[in-house]
Amino acid sequence: MSLQPLGIVFGYLVLALGIGLLAYRVGGSDAEDFYLASRTLGTLVLLFTTFATLLSAFTFFGGPNLAYAAGPEWILVMGVMDGVLFAILWYVVGYRQWLIGRAREYVTLGEMLGDRFASPGLRGLVAGVSLLWLFPYVMLQQMGAGEALRGLTGGAVPYWGGAAIITLFMIVYVMVAGLRGVAWTDTLQGLFMLSVLWIAVAWIVGDIGGVGAATRGMIAAEPDFAALGGGLYTPQFIVSSAITIAFGVSMFPQINQRFFVARSATVLKRSFALWPVLVLLLFVPAFLLGAWAAGLPIEVPEGANVLSVLLSEYTPGWFAALVVAGAMAAMMSSSDSMLLSGSSYFTRDLYRPFVDPDASDRREAWIARAGVAVFATLAFVASLTRPGTLIEVGDTAFSGFALLAPPVIVALYWEATTRDGMLVGIGVPQALYLAHVLGPATPVRVGGTTVDLLARSYGGWDVALAFMLLGGLLTVGVSLVSSPAVDEDATAFAVGGD
């Protein structure tokens with residue numbers, strides 16, 4: 001095995017760590033700076049830290065593999081529909097959260113909701129649900145890293161070794177850098193990943209005879225890939241995936257906290273306006289490469305990553321290592337932010353209110369750093385069990401977070417929302433979805449037809465859509481028949497303009 005690919009990857013890791021150390025020297029030592037970079041991010045950094053945080057193993061490895069198996073229409077789900085849907089949600093949820101957070105100095109979603117309804121229980125529930133679904137998504141990054149380094153080194157670095165390397169780096173980096181360092185590195189990573197991916201497209205397309213030749217080869221090998229809505233991509237699948245992913249992303253702790261960090265309203269508005277453009281710039285080349293690979297004379301072993309195989313076949317080893325380093329950067333951009341947000345939810349919404357209400361900001365920041373190490377280590381141990389494919393793990397987490405969105409949106413815009421409405425609107429759908437994820441399918445007879453009581457989809461529609469609707473209806477319905485708690489303050493969400 002040549003040491004060149006590993007050298008490039010580790011060189012990139014060292015560069016990122018250097019940026020983190022610089023951020024540590026520039027920033028403060030208090031909790032708000034560690035979590036939110038003192039709410040000072042400008043347009044470029046906010047846009048790219050949000051962008052790079054979403055560029056995970058699910059995007060770089062799961063997406064091209066899905067396009068290789070089922071065609072390029074995944075671009076409609078992620079590149080177009082979710083690019084636009086999430087930009088809208090960034091305004092609907094994010095702008096209002098920014099206004100409220102700026103006025104009252106909130107750090108987490110749970111803190112904001114718990115204060116609005118004077119309910120430590122609600123605060124703990126939001127944090128608990130968020131940490132529950134964050135865990136498999138952190139694990140997904142470690143699974144992706146293990147597969148990436150194993151493929152890059154031809155098996156010389158085993159799966160567990162690659163996952164261990166990325167875990168150790170994440171722990172050290174996040175404990176040192178905080179959000180300021182994460183955001184700076186995300187900006188570098190986002191620009192780097194976009195650049196190497198488009199160069200990879202140009203290199204591979206040039207080698208195989210152009211875009212036309214690549215597309216003809218794909219259609220000859222897989223005629224269904226040329227038909228809109230063929231195979232996997234039914235209207236039900238496209239709509240279900242687009243909605244659950246977009247709404248789920250808006251509730252991801254590492255994304256939702258970025259709604260608090262903009263320096264001004266202008267920064268926030270510019271960022272969500274530019275968002276769909278950046279999404280297309282990433283997903284179009286990544287998923288086209290996966291789809292084109294179906295018509296190329298290459299062998300993709302079962303369980304292997306199609307992007308790595310393409311690079312090994314059509315580009316020099318040093319460039320393949322650069323792209324894999326970009327993919328590793330994608331995983332780190334997601335993982336470091338997840339660990340940082342997860343630690344803030346733990347310390348801010350669980351440790352501080354239930355264990356040590358009088359903890360100083362400095363003590364809280366150090367407890368958060370310890371939480372990073374524990375959370376990452378537990379996720380690493382779980383990743384060794386390989387609980388599913390990258391697509392399956394990612395989809396489960398997206399849907400779990402999506403269930404939070406309807407009650408949160410109701411609370412942001414409807415003053416009559418009550419604590420009981422929020423507790424029921426969040427708790428019941430989450431319990432039902434957990435039963436579907438963890439419970440075995442239960443066949444029952446309904447009107448002469450056998451259906452699986454705990455199936456994940458019905459007629460092609462994701463069951464999470466029904467639970468999202470249920471959550472919104474329960475929040476409104478229970479609020480209408482319940483009285484506000486005596487210490488609830490509906491004016492907590494009354495905010496002015498920008």
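Of the 498 residues in this chain, 58% count as buried. Keep in mind as you look around that this is a predicted model. On the outside, the chain exposes about 18,300 Å², and carbon and sulfur atoms supply 67% of that area. As for the secondary structure, you'll find 19 helices and four strands. How do the parts of the chain come together? Take the contacts with a separation of 6 or more: 85% of them are between residues 24 or more positions apart.

Let's head inside. The largest nonpolar core has 150 residues. Which of them touch the most other members? They are W74, M112, L113 and W275. Helix α8 gives this core its largest share, with 20 residues. To get a feel for one of these well-connected spots, click on M112. Leaving out residues up to four places away in sequence, M112 touches Q97, I100, Y106, F260, L412 and F493.

Since α8 has come up, follow that helix along residues 159-208. Its axis comes within 10 Å of the axis of α12, the helix made of residues 265-292, and the two cross at roughly 35°. The crossing is left-handed. On the α8 side, the contact is made by L194, L197, W198, V201, I204 and V205. Facing them from α12 are L278, L281, L282, P285, A286, L289 and W292. What classes of residue are found here? The contact has 13 nonpolar residues, with no polar and no charged ones.

Stay with this part of the chain and look for F319, which lies in helix α14 (residues 317-354). Is F319 buried or exposed? Its relative accessible area is 3%, so F319 is buried, the cut-off being under 20%. Setting aside residues up to four places away in sequence, F319 touches V196, I199, A200, W203 and L311. The pairing with V196 is a nice one to trace: these two residues are 123 apart along the chain, and yet their C-alpha atoms are separated by 8.5 Å.

Another residue to visit is S130, in helix α7 (residues 120-152). S130 counts as buried because its relative accessibility is 1%. Who are its partners? Apart from neighbours within four places in sequence, S130 is in contact with P253, Y345, F401 and L404.

Now for the loops, where a couple of backbone angles deserve a look. Most residues other than glycine have a negative phi. E105 goes the other way, with a positive phi near 60°. You'll find E105 in the loop between α5 (74-104) and α6 (109-116). E105 counts as exposed because its relative accessible area is 54%, and exposed means over 50%.

Move on to the next loop, the one between α6 and α7, and you come to A118. Here too phi is positive in a residue other than glycine, this time near 45°. How open is A118 to the outside? With a relative accessible area of 26%, A118 is partly exposed.

Note on methods: Residues are numbered from 1 along each chain as its sequence is written. This is a predicted model: local features need pLDDT of at least 70, side-chain atom pairs count only at pLDDT 80 or more; totals for chains, interfaces and linings use all residues. Side-chain values use heavy atoms; hydrogens and water are left out. Buried means under 20% relative accessible area, exposed over 50%, partly exposed in between (1.4 Å probe, protein chains only). Contact means heavy atoms within 4.5 Å. Accessible areas come from the Shrake-Rupley method with a 1.4 Å probe; for residues, only the protein chains shown count as cover. Axes are lines fitted to C-alpha atoms, for helices over the stretch in contact, and angles run from 0 to 180 degrees between N-to-C directions. A crossing is left-handed if the near helix is turned anticlockwise from the far one by less than a right angle, and right-handed if clockwise. Ala, Val, Leu, Ile, Met, Phe, Trp, Tyr, Cys and Pro count as nonpolar, Asp, Glu, Lys and Arg as charged, and the others, Gly among them, as polar. A nonpolar core is a set of buried Ala, Val, Leu, Ile, Met, Phe, Trp, Tyr and Cys residues joined through side-chain atoms within 4.5 Å.
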